[in-house]
Amino acid sequence: MTVHLNEIGPAVLATEYAVRGPIVARAAELEQQGREIIFCNIGNPQSLGQKPLTWNRQILALCEYPELMELAANVFPEDAIAAARAILEGTRYGLGAYSESRGVRFIREAVASYIWERDGIVTDPDAIMLTDGASKGVQTVLRLLIAGPGDGIMVPIPQYPLYSASITLYRGKMVPYYLDEANDWKLSRPMLESALAKALAEGTRVKAICVINPGNPTGGVLDEANIRMVVEFAQEHGLSILADEVYQENVYREGDSFVSFAKVHQALDAKDVSLFSFHSCSKGLLGECGMRGGYFEYRNVPEDVSAQILKLQSVCLCANLVGQAAVYAMVHPPKPGMPSHPLYIQERRTILEALKLRATLLVEGLNRIEGITCNTIAGAMYAFPAITLPPGRTDSDYAMALLEETGICVVPGSGFGQAEGTAHFRTTILPPTDKIQKVVEAIGAFQRNYR
Ligand SMILES: Cc1ncc(COP(=O)(O)O)c(C=O)c1O
């Protein structure tokens, strides 16, 4: 029997994912016709020339093909070889075998040590799940929390569409709360309260609040006071928290730093709030999106619920083992004094300085264009500028026209959500520095004509 569209589940049909939507499809078509396209639509660093870290790739090469160990003894630094050996011993059977469902214990212990070094707090390795990218972890937790069609999850607007798409797929309700564009995309308690009150008045059973920090698509970085406010809000209203922290290494603005929800949650002793924190190999310094490595860790989740999380994870057996090994390389970088350390530091600095420079060039350039205003990119990998549109035009029209005219592929703001009456687009800061300059000039010329 052939499958027909009208037989497919309505939740699947209703699911949308703008980052790979019709504008991107048109960009691929134009590229096939020979046009040069600058893909600014997706945070996929290596597709735009970011080099993988040598530390990661040496470890992964050895893990994939252990026969290289002896040959590598004269080529790779001994600490990379030792790390690869440790992973292989930890897996017991190598990368070609399933691991336990939570992921290789030895790697989960390394994640717990990483959190200890970052935050000075203890994490139970059995409350860490290694996942195929952060996406799968987010989906597991949303699946767990959405028990029925009236269940709502508070999601920032603008948001990363993984959240809207997955909530639709699991037949929950997205409860939007606005980020304050005029105040550097911070969260404000009155905005949270009004979003919650509206949802409750509509009969939604609000279960959790999701926060993305540093923010995609906003580029905002939350300070400790803002995070404390969210934890207290969750405490008062009986909500769980999903803390999407995949951009924790991507902080550029002087004076800003990444503060984890886990640290604040612990400091507040928020025992009545379940917290799920997500991290990934796809962003930060690694940019290893294709490895699909990630993890989530949870706190204050009762044992019987934890058993359900494990069961959900077991349905797909385990996360891919190459991704698990990449997580190990991420959370176990070479320490000072180790042979790989100098190159690691140099590569790290090169990547972060380039991103910081591009973030500055992009925002300064965009703000020089009449009809465009953009907040400083404090972190993550994106700008989300506000645009003035001619009457009758939408942000999707704008993004499509920009693509056709300049070859620059961005995502319309409506794909992420935006305050009513405003229009935006999202662009990444990932193209090489000379191309970023071209992007700004081309957007400027386009904007003048379009208006
Ligand atoms: C905020 C946010 N969360 C999660 C993800 C998914 O990352 P991963 O590749 O680890 O699944 C992304 C990817 O762009 C993201 O921007």
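What share of the contacts in the protein chain with a separation of 6 or more comes from residues 24 or more positions apart? The figure legends below, which describe a predicted model, begin with this point.

**Figure 1. Overall view of the protein chain in the predicted model.** Among contacts with a separation of 6 or more, 73% join residues that lie 24 or more positions apart. The chain contains 16 helices and 14 strands. Its C-alpha trace extends over about 65 × 60 × 50 Å along the principal axes. The radius of gyration is 22 Å, which agrees with the value near 22 Å that a compact globule of 451 residues would have. Of the 451 residues, 48% count as buried.

**Figure 2. Close-up of the shell around the ligand.** The ligand is surrounded by 14 residues. The closest of them are G133, A134, S135, S280 and S282. Helix α7, formed by residues 133-145, makes the greatest contribution to this shell, supplying three residues. Sorted by class, the shell comprises six nonpolar, seven polar and one charged residues.

**Figure 3. Close-up of the open sheet of seven strands.** The strands follow the order β2-β8-β7-β6-β5-β3-β4, and their pairing is mixed. At the edges stand β2 (128-132) and β4 (173-178); each has a single partner strand, so one side of each is left without a neighbour in the sheet. On average, neighbouring strands of this sheet are turned by 25° against each other, direction ignored.

**Figure 4. Close-up of the pairing between β2 and β8.** In general, the strands of a sheet pair through backbone hydrogen bonds, in either a parallel or an antiparallel manner. Strand β8 (residues 293-299) and β2 are paired in the antiparallel sense, over five bridges. Within this pairing, T131 stands opposite G294 of β8.

**Figure 5. Close-up of helix α9 packed on the sheet.** Helix α9, spanning residues 189-201, touches the strands β3 (151-157), β4 and β5 (205-212). The direction of the helix makes about 150° with that of β4.

**Figure 6. Close-up of E16 and its surroundings.** The loop between α1 (10-14) and α2 (22-32) holds E16. This residue counts as exposed because it has 11 C-beta neighbours inside 10 Å, and the cut-off for an exposed residue is 12 or fewer. When neighbours within four places in sequence are left aside, E16 is in contact with P161 and A165. E16 and A165 are separated by 149 residues in sequence, yet their C-alpha atoms are 5.6 Å apart in space.

Definitions and conventions
Residues are numbered from 1 along each chain as its sequence is written. This is a predicted model: local features need pLDDT of at least 70, side-chain atom pairs count only at pLDDT 80 or more; totals for chains, interfaces and linings use all residues. A residue is near a molecule or strand if its C-beta atom, placed from the backbone, lies within 6 Å of it. Helices (H or I, at least four residues) and strands (E, at least two) are DSSP runs, numbered from the N terminus. Ala, Val, Leu, Ile, Met, Phe, Trp, Tyr, Cys and Pro count as nonpolar, Asp, Glu, Lys and Arg as charged, and the others, Gly among them, as polar. The radius of gyration is taken over C-alpha atoms; the globule rule is 2.2 Å times the number of residues to the power 0.38. A residue is buried if 20 or more other C-beta atoms lie within 10 Å of its own, exposed if 12 or fewer, and partly exposed in between; C-beta atoms are placed from the backbone. Two residues are in contact if their C-beta atoms, placed from the backbone, lie within 7 Å. Two strands pair if DSSP finds at least two bridges between them. Axes are lines fitted to C-alpha atoms, for helices over the stretch in contact, and angles run from 0 to 180 degrees between N-to-C directions.
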